[in-house]
Amino acid sequence: MTGPIDPAAVARAKNSSDTGTHRIVGKKQRRRVAKWPIACLVLVALAVLGWLGWGWANGIVNNRAEAQASACTGGDTAIAVVVAPDAERPAKAAADRWNQASTVVHGHCVRVDVRAASSERTLNALAGRGSLDEIGGLPAAWMPDSSSWVTQLKTAKPGMISSPPEPIAVGKPADYPYVGIGGKIDDVQQRAAQSFREFLKQPTQQTDFADAGLSKR
């Protein structure tokens with residue numbers, strides 16, 4: 001048989017339940033993790049990754065430089081290329097790209113020096129009718145504005161031609177042939193002159209010739 005309800009006991013039970021609820025909520029609030037430590041960890045991780053990435057990229061650049069340096073087992077070699085004045089600008093732009101790339105030919109780091117001189121003056125110097133000093137010394141290659149100049153050199157002094165002429169650009173009525181020069185030009189310089197000729201035929205260099213008013217072949 002149930003006795004009468006004690007109001008005081010009911011109040012105590014309610015207070016006990018409320019207190020327990022507050023305790024549970026309090027415990028849940030204390031377990032929340034602050035956001036700023038996570039943000040700090042993310043920043044630290046990004047900084048570490050950036051440092052590692054920079055070190056990796058820097059290592060690649062250094063390795064490439066070391067590889068290029070080790071490839072020049074034969075040392076440095078310089079060649080001169082005399083061109084017609086109209087072709088000076090695109091030819092020099094090509095030489096700048098070639099030199100900046102530290103191009104290696106048969107174990108030699110080759111530097112190309114482009115000089116501009118009239119075709120008539122160059123012909124006279126190469127044929128012995130003038131001084132080579134007038135064109136800066138004996139070049140490894142010559143690019144006049146017409147094949148007729150090469151024909152005249154072949155007639156006057158055939159030993160001065162080491163490779164057949166190949167047109168690099170066309171501009172009416174010129175054809176700008178590129179020809180290797182013999183004489184006191186050693187084998188490495190001749191090979192370098194031929195490699196530079198092929199370099200001039202590439203699209204980037206051909207665009208420069210077209211911009212100079214010398215249409216692409």
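**View A. The hairpin of strand 2 and strand 3**. In this close-up of a predicted model, two residues lie between the strands of the hairpin, and histidine 106 adopts a positive phi near 50 degrees. Strand 2 covers residues 104–105 and is antiparallel to strand 3, with two bridges joining the pair. Look across from valine 105 and you will find histidine 108 of strand 3 opposite.

**View B. Strand 1 beside strand 3**. Here the pairing is parallel, and nine bridges connect the two strands. To get your bearings, start at alanine 78: arginine 111 in strand 3 is its bridge partner.

**View C. The largest nonpolar core**. This core holds 29 residues, and the members that touch the most others are Ile79, Val81, Val112, Met143, Tyr178, Phe196 and Phe209. At least two core residues come from each of strand 1 (75–83), helix 3 (88–100), strand 3 (108–116), strand 4 (141–143) and helix 6 (187–200). Helix 6 gives the largest share, with five residues.

**View D. A second nonpolar core**. Apart from the largest core there is another, made of 14 residues. Leu123, Ile135, Trp142 and Leu153 are among its members, and make handy labels for this view.

**View E. The surroundings of valine 81**. Which residues is valine 81 in contact with, once neighbours within four places in sequence are left aside? The contacts are Val112, Asp113, Val114, Arg115, Ala141, Tyr178 and Phe196. You may recognise Val112, Tyr178 and Phe196 from View C, where they are listed, along with Val81, among the residues touching the most other core members.

How values were computed. Residues numbered from 1 in each chain as written. Predicted model: local features only at pLDDT ≥ 70, side-chain atom pairs only at ≥ 80, totals over all residues. Heavy atoms only, no water. Core = buried A, V, L, I, M, F, W, Y, C linked by side-chain atoms within 4.5 Å. Buried < 20%, exposed > 50% of the residue type's maximum accessible area, 1.4 Å probe, protein only. Helix = DSSP H or I, 4+ residues; strand = E, 2+ residues; numbered from the N terminus. Contact = heavy atoms within 4.5 Å. Pairing = 2+ DSSP bridges.
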